Amino acid sequence: MPPLNILPDIDVTDFATLLLNYSTDGILLTDSTGLVIAINKRFSKLFQIPASEVLGANVLELVKQGAWSPNLFQRVVQKKKTLSIMQTTRSGRSILATGTPIFDDADELLYVLFNDRDMSLQSVLENDSTESVELAIHAAAKDEHLVAETQQYTLNGIVVTSNIMKKQLNLALQVAKFPVPVLLTGESGVGKTMFARFIHDQSPRREGPFIAINCGAIPDQLVESELFGHTGGAFTGATAGGKKGRIQAADGGTLFLDEISELPYVLQVKLLQFLETSQIYPVGGTSPIPVDCTVIAATNRNLASMMANKIFRDDLYFRLNGMPIELPPLRKRREEIPPLAHFFLEQYSTRFGIEASLTPEALNELTQLPLKGNVRELSHLIQRLLIVTGGGEITVEQVHEWATTITKSTLKQLPHYDGTLSQQVSQFEKDIIQQTIEKCGSQVEAAKILGVHQSTLSRKL
């Protein structure tokens with residue numbers, strides 16, 4: 001162990017006592033199993049927990065009891081390196097926690113030392129430094145409140161480095177304090193679902209349910225029942241005794257409406273009524289049911305254009321747009337690609353039990369990719385690279401090969417048209433009309449959605 005840089009006339013024991021008693025950081029020391037063997041006064045004050053409840057306890061149990069979250073000890077032990085994350089205490093205070101593993105000469109883990117600094121998340125996000133901030137999302141805490149089809153990707157965290165994303169994250173932190181509707185916009189894969197979960201986790205309703213529903217993943221004829229519920233016998237096939245809808249299930253928590261642009265036009269007025277009255281009427285029901293929840297909506301489409309074409313209601317848009325938060329595409333914040341790549345590499349390496357690293361050239365290649373699928377595409381690309389290489393060092397050639405494969409497979413999905421410009425435009429219009437008819441079930445409804453007369457629609461077919 002290296003010598004301490006102290007004067008000879010200062011006793012090591014006295015130095016340790018002064019450090020423990022007067023450090024402005026909370027200090028906690030565990031053995032290799034997580035058993036707490038020392039803490040200082042500042043730690044007890046930061047976490048508002050008596051020393052008697054911490055000393056001799058295991059940090060894993062303390063986390064389970066809700067003393068703080070998330071757990072840092074296991075990650076430090078697994079990665080065998082110093083790691084820093086933002087933690088939240090039982091009282092809601094934000095703590096910047098750093099865990100450092102301490103080894104003996106045989107490289108066996110002896111202790112884990114934790115330094116904890118009172119650092120509100122807002123002050124971190126307002127910092128103009130280029131250091132990345134990793135925030136844990138408690139998505140696993142209430143699995144019953146999550147809907148699989150709305151999960152953008154399953155890794156529970158947000159990593160930001162760019163000032164533009166820190167600004168948006170800070171905005172999300174501020175709006176989380178108030179029960180106002182939030183509208184998240186941005187391209188597919190930028191992390192809108194993660195932001196919605198973050199807002200819920202930072203809100204006074206964090207202990208309530210987080211109910212997510214993908215408005216584009218449910219058949220039109222079932223959307224009303226899924227959202228508002230139904231009474232027994234309300235329609236053929238209705239659940240006996242009725243069924244509680246997703247909106248009612250969000251009472252006391254947060255309702256996340258992903259792909260809100262896909263909500264059928266006829267149901268938009270009913271959703272508007274709920275937003276204005278905080279009451280719902282189940283399908284077949286005549287008595288209102290009060291529901292108190294925060295509503296977060298998200299879309300990757302241009303709602304202004306949809307309103308102009310009478311596909312999306314103006315009044316619903318203005319009601320949902322209580323606080324707009326636009327998430328920029330990854331190509332506008334390329335400085336975040338390296339920390340995101342390392343984040344995903346670490347997460348997948350831990351999940352698959354594979355050790356891997358990126359060469360500087362490979363990392364540089366990643367920053368040059370178009371990544372039209374944004375963060376989701378980067379996540380999936382890292383996963384593929386880890387699987388095909390089986391671990392070890394990921395090279396620039398491998399990144400180029402698999403990035404090219406993704407681009408080719410994407411291009412194959414695009415329709416191909418032949419003929420003159422006029423002929424190709426006609427084919428394109430026909431595809432749009434047919435897709436709309438398939439979605440809404442009739443030419444009459446398709447004509448309404450597309451803003452044309454039914455005879456015009458029929459003629460173009």
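Phe-47 is buried in the predicted model, with a relative accessible area of 3%. Trp-68 likewise counts as buried, at 6% relative accessibility; both values fall under the 20% limit. Seven aromatic pairs are counted in the model. In one of them, the ring centres of Phe-47 and Trp-68 are 5.2 Å apart and the planes stand at 65°, so the pair is classed as edge-to-face. Because Phe-47 belongs to helix α2 (residues 41-47) and Trp-68 to strand β3, this pair ties together parts that are 21 residues apart in sequence. Phe-43 is joined to Phe-47 and Trp-68 in a cluster linked by ring pairs.

Strand β3, which carries Trp-68, belongs to an open sheet of six strands. The strand order is β2-β1-β6-β5-β4-β3, and the pairing is antiparallel. The edges are occupied by β2 (36-39) and β3 (68-69); each has a single partner strand, so one side of each is left without a neighbour in the sheet. At one edge, β3 is joined by two bridges to the antiparallel strand β4 (residues 83-89), and Trp-68 is placed opposite Thr-89 of β4. At the other edge, three bridges connect β2 with β1 (residues 26-31), again in the antiparallel sense. Leu-29 faces Ala-38 of β2 across this pairing. Four residues separate the strands of the β1 and β2 hairpin, in which Gly-34 adopts a positive phi near 100°.

A cis peptide bond is found from Ser-69 to Pro-70, with omega near -5°. Pro-70 itself is located in the loop between β3 and α5 (73-79).

Over the whole chain, the secondary structure consists of 20 helices and 17 strands. The chain has 461 residues, of which 43% count as buried. Its exposed area is about 23,600 Å², with 53% supplied by carbon and sulfur atoms. Among contacts with a separation of 6 or more, 63% are made by residues 24 or more positions apart.

The largest nonpolar core contains 31 residues. Within this core, Ile-247, Leu-257, Ile-260, Leu-271, Phe-274 and Phe-312 touch the most other members. At least two core residues are contributed by each of β10 (210-214), α9 (220-228), β11 (254-258), α11 (265-277), β14 (294-299), α12 (303-308) and α13 (314-320). Helix α11 provides the largest share, with five residues. Apart from this core lies another, of 25 residues, which includes Phe-343, Tyr-348, Leu-366 and Ala-403. In soluble globular proteins, nonpolar side chains tend to be buried together.

The surroundings of Phe-274 were examined with neighbours within four places in sequence left aside. On that basis, Phe-274 is in contact with Phe-228, Ile-247, Gln-279, Ile-280, Val-291, Cys-293 and Val-295. Phe-228 also takes part in a contact of another kind: the charged end of Lys-270 sits over the Phe-228 ring, 4.7 Å from its centre.

Helix α9 also contains Gln-221. With a relative accessibility of 64%, Gln-221 counts as exposed, since the limit for that class is over 50%. Gln-221 and Pro-264 are 43 residues apart along the chain, and their C-alpha atoms are separated by 9.4 Å.

Positive phi values also occur in residues other than glycine. Ser-278 has a phi near 60° and is placed in the loop between α11 and β12 (279-280). Ser-278 counts as partly exposed, at 37% relative accessibility, because this value lies between the 20% and 50% limits. Lys-310, in the loop between α12 and α13, has a positive phi of about 60° although it is not a glycine. The relative accessibility of Lys-310 is 56%, so this residue counts as exposed.

Key:
Residues are numbered from 1 along each chain as its sequence is written. This is a predicted model: local features need pLDDT of at least 70, side-chain atom pairs count only at pLDDT 80 or more; totals for chains, interfaces and linings use all residues. Side-chain values use heavy atoms; hydrogens and water are left out. A nonpolar core is a set of buried Ala, Val, Leu, Ile, Met, Phe, Trp, Tyr and Cys residues joined through side-chain atoms within 4.5 Å. Buried means under 20% relative accessible area, exposed over 50%, partly exposed in between (1.4 Å probe, protein chains only). Contact means heavy atoms within 4.5 Å. Two strands pair if DSSP finds at least two bridges between them. Accessible areas come from the Shrake-Rupley method with a 1.4 Å probe; for residues, only the protein chains shown count as cover. Rings of Phe, Tyr and Trp (its six-membered ring) pair if their centres lie within 6.5 Å; planes under 30 degrees apart count as stacked, over 60 as edge-to-face and the rest as tilted. A charge sits over a ring if NZ of Lys or CZ of Arg is within 6 Å of the ring centre and within 35 degrees of the ring normal.
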